[in-house]
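Please open the model in the viewer and keep the sequence panel visible. The stops below are to be selected in turn.

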Amino acid sequence: MQKIFIKHVTAIMTAASFLILFINFLFYWHMLEVRQFTTFHTKIDQVIHTLENNRQELSLMKESLDEDYLTRARAAAYVLDREDVLSLSVVEMQYLANLLNVDELHVIDESGFIVAGSVSEYVGIDMSKHPQTNAFLALLESGEEGAYLIQEPQPNAAEAKVMQYVGVARNGRKGVVQVGFEPKRQLEAQSRNTYDYIFMRFPTDVEGEIFVIDCDSGTMLGHSNGLGQQYTENCYQLERLYDCMEGSYRKGKDDRLMYVVSERYDDVLLCAALPADILFRELFRNTLQTFLYLLFIMIAVILLLTYLVRKRVIDGIHRIIENLTAITNGNLDTTVSVGGNREFQALSGGINTMVKSIVSLSDRISAIIEISGIPLAAFEYENGSSHVFVTSGLGALLDISDEKVAALCKDVSLFDSFMKKITEEPVEGEEDVYQIGDVKFVRIHMSESREGKRGVITDVTGDIMEKREMRYENIHDPLTGLYKYQYFKKMTEEILRNIPEGKGCAAVMLDLDYFKEINDTYGHDVGDKYLQSFSAVMASMPKEHFLTARRSGDEFCMFIFDCESSGDIIKYMDEFYELLGRNRVVLSDTQTGIIGASSGFAWTDNKNTDISELLNRADEALYAVKREKKGTYRGY
């Protein structure tokens with residue numbers, strides 16, 4: 001028997017270990033992809049954020065400089081309108097340019113020629129001969145006083161030197177005053193907005209890549225390794241990258257598989273890639289470690305079970321068989337005495353009682369029941385009989401008086417009706433178990449044959465209450481009384497699948513602010529009360545819309561359901577935070593405090609939404625709150 005037991009246990013544990021190993025393999029593979037996707041997505045978002053900031057900075061700089069340049073041009077026009085321009089020399093114009101802090105200063109007459117300027121080579125230039133200079137002739141043609149033109153930085157007509165020119169129409173006479181600036185700050189700011197410069201600020205993982213592709217032409221615009229090489233592999237082809245926005249695998253150089261994540265921004269596609277074998281190495285390392293742990297546990301469990309089965313079961317069974325053999329052979333003085341566990345002791349007592357019984361059938365059954373100490377009663381009657389045989393404990397088990405028992409025993413049909421009424425509504429989830437009164441549960445097992453009917457009634461109140469207590473402990477957190485996270489997910493999946501049409505729900509992830517400081521300052525007992533107080537606020541929210549759970553430590557989650565719109569979610573979150581703000585926690589004999597918590601929620605009205613994905617979105621919103629402003633909440 002022991003060998004058979006060990007053989008089956010080994011087979012079962014081996015199969016279970018491989019199943020666990022396979023599930024762990026799939027789960028960890030998925031977690032690696034999710035982690036890498038999150039890393040890539042965050043890095044791409046940082047690149048986009050940098051591009052946006054640089055563009056905004058460049059726009060603000062241009063606006064500020066244009067205003068400053070125009071002011072200087074008007075100041076120059078004001079001075080020159082009071083001078084005889086034809087009498088000003090180049091040196092005087094240079095002096096005036098230095099006073100105004102401009103790089104160049106020119107005066108254009110009504111014919112479109114430069115008649116005076118701070119650069120001698122430019123004097124006499126016909127402004128109509130080049131598109132760059134010709135643009136300023138529109139100021140002469142407009143005839144509007146105070147008209148001006150601010151050109152973008154570009155190569156000038158005379159030397160192809162990059163300059164920015166501002167022209168202002170003169171007052172009182174026809175002509176234009178033009179000032180020029182070397183756009184060093186603009187060019188420097190533009191250089192900071194190139195992909196090569198930005199990629200330098202975001203170092204990649206070992207063998208990782210960041211690159212950007214033009215969405216119209218498919219041209220590589222920038223790469224973290226530079227543009228000095230050809231990028232023709234699948235992982236750099238525009239049509240193959242559109243499918244990578246949720247993360248996917250594409251072939252890279254030397255047919256090396258790459259894990260790629262892409263995201264569209266304006267007219268470009270920003271991408272991040274990492275060789276898949278780097279992920280696989282970590283996956284196989286974790287799988288090997290898990291296999292070794294499982295192997296060690298399996299060997300230890302088999303050895304322990306072998307010892308326990310031999311000591312607690314096999315030896316006791318052998319002794320009982322020996323004693324029963326002696327009794328069968330006629331040695332009725334044999335006393336069965338097998339210890340080691342309660343079951344063997346009860347079995348020994350039952351055998352000894354049966355062997356020694358010499359009283360009537362009713363007395364013997366009652367004696368066995370009393371000796372065993374088990375709340376049990378039995379009944380039996382034969383077909384055609386008017387009397388029901390019962391043991392003495394039936395009245396106590398069914399909470400009826402001895403007079404009622406006596407009346408039932410005299411009438412088989414009355415007894416049958418009574419038992420059918422009791423057994424109409426069995427306890428849900430239990431076999432042959434029925435409730436008697438408010439707090440008692442009994443198991444009624446009946447069998448019927450051609451000869452008659454018999455049954456056994458046992459008190460299983462302790463077992464049922466223990467099961468219910470165990471079920472409560474299995475699904476509730478022992479400290480806070482909230483649901484455990486795994487049961488919470490199971491319930492939310494059911495709610496989400498059955499969400500009514502036109503209704504929505506939201507997953508909420510919460511995290512206590514500065515909880516570690518509470519523990520460190522006031523002790524873990526106060527920390528536990530702090531958690532319990534926060535949980536009490538969560539539990540006080542309306543049950544028809546809220547499902548609450550403790551995730552781990554100071555992390556909690558809620559599921560708000562049966563809502564018309566995301567606005568209802570915000571209303572409930574405001575009510576929760578208002579209630580939390582009114583709830584003060586005693587920290588010490590002299591101090592109280594208000595619980596601080598940050599949270600993020602993710603809304604959906606699609607019953608096909610994956611609850612894990614919804615919780616992940618809420619987690620992302622929570623992380624954003626923790627980074628930006630603790631003690632508040634925000635949506636995904």
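Begin by selecting K62, D66 and E152, which are linked in a network of salt bridges. Please bear in mind that this is a predicted model. Within the network, the side chains of K62 and D66 meet in a salt bridge at 2.7 Å, N to O. Both residues belong to helix 1 (residues 2-80), where they lie four residues apart, about one turn of the helix. Is D66 buried or exposed? With a relative accessibility of 10%, D66 counts as buried, since the cut-off is under 20%. K62, by contrast, is partly exposed, its relative accessible area being 31%.

A search of the whole structure finds 24 salt bridges, and two others may be visited on this tour.

Next, select helix 15 (residues 485-497). Its 13 residues should span 18 Å at 1.5 Å a residue, and the end C-alpha atoms are indeed 18 Å apart. The buried residues of this helix are Y485, Y487, F488, K489, T492 and L496. Now display the side chains of R497 and E494, which meet in a salt bridge at 2.5 Å, N to O. The two residues are three apart in helix 15, about one turn of the helix. R497 counts as partly exposed at 47% relative accessibility, and E494 likewise counts as partly exposed at 40%.

Proceed to D513 and K626, whose side chains form a salt bridge of 2.9 Å, N to O. This pair links distant parts of the chain, 113 residues apart: D513 is in the loop between strand 18 (504-512) and helix 16, and K626 is in helix 19 (residues 611-628). D513 counts as buried, with 4% relative accessibility, whereas K626 is partly exposed at 22%.

From that loop, move on to helix 16 (residues 515-522) and helix 17 (residues 524-539). How are these two helices packed? Their axes are 7 Å apart and meet at an angle of about 140°, and the helices are therefore oblique to each other. To view the contact, select F515, I518, N519 and Y522 in helix 16 together with H524, V526, G527, Y530 and L531 in helix 17. The residues of this contact comprise six nonpolar, three polar and no charged.

Finally, select helix 18 (residues 566-582). For its 17 residues, a rise of 1.5 Å a residue gives an expected span of 24 Å, and the end C-alpha atoms are 25 Å apart, which agrees. To end the tour, colour the buried residues of helix 18: D568, I569, Y572, M573, F576, Y577 and L580.

Terms used:
Residues numbered from 1 in each chain as written. Predicted model: local features only at pLDDT ≥ 70, side-chain atom pairs only at ≥ 80, totals over all residues. Heavy atoms only, no water. Expected span 1.5 Å × (residues − 1). Buried < 20%, exposed > 50% of the residue type's maximum accessible area, 1.4 Å probe, protein only. Axes fitted to C-alpha atoms, helices over the stretch in contact; angles between N-to-C directions. Parallel < 35°, antiparallel > 145°, perpendicular 65-115°, else oblique. Contact = heavy atoms within 4.5 Å. Nonpolar A, V, L, I, M, F, W, Y, C, P; charged D, E, K, R; others polar. Salt bridge = Lys/Arg side-chain N within 4 Å of Asp/Glu carboxyl O.
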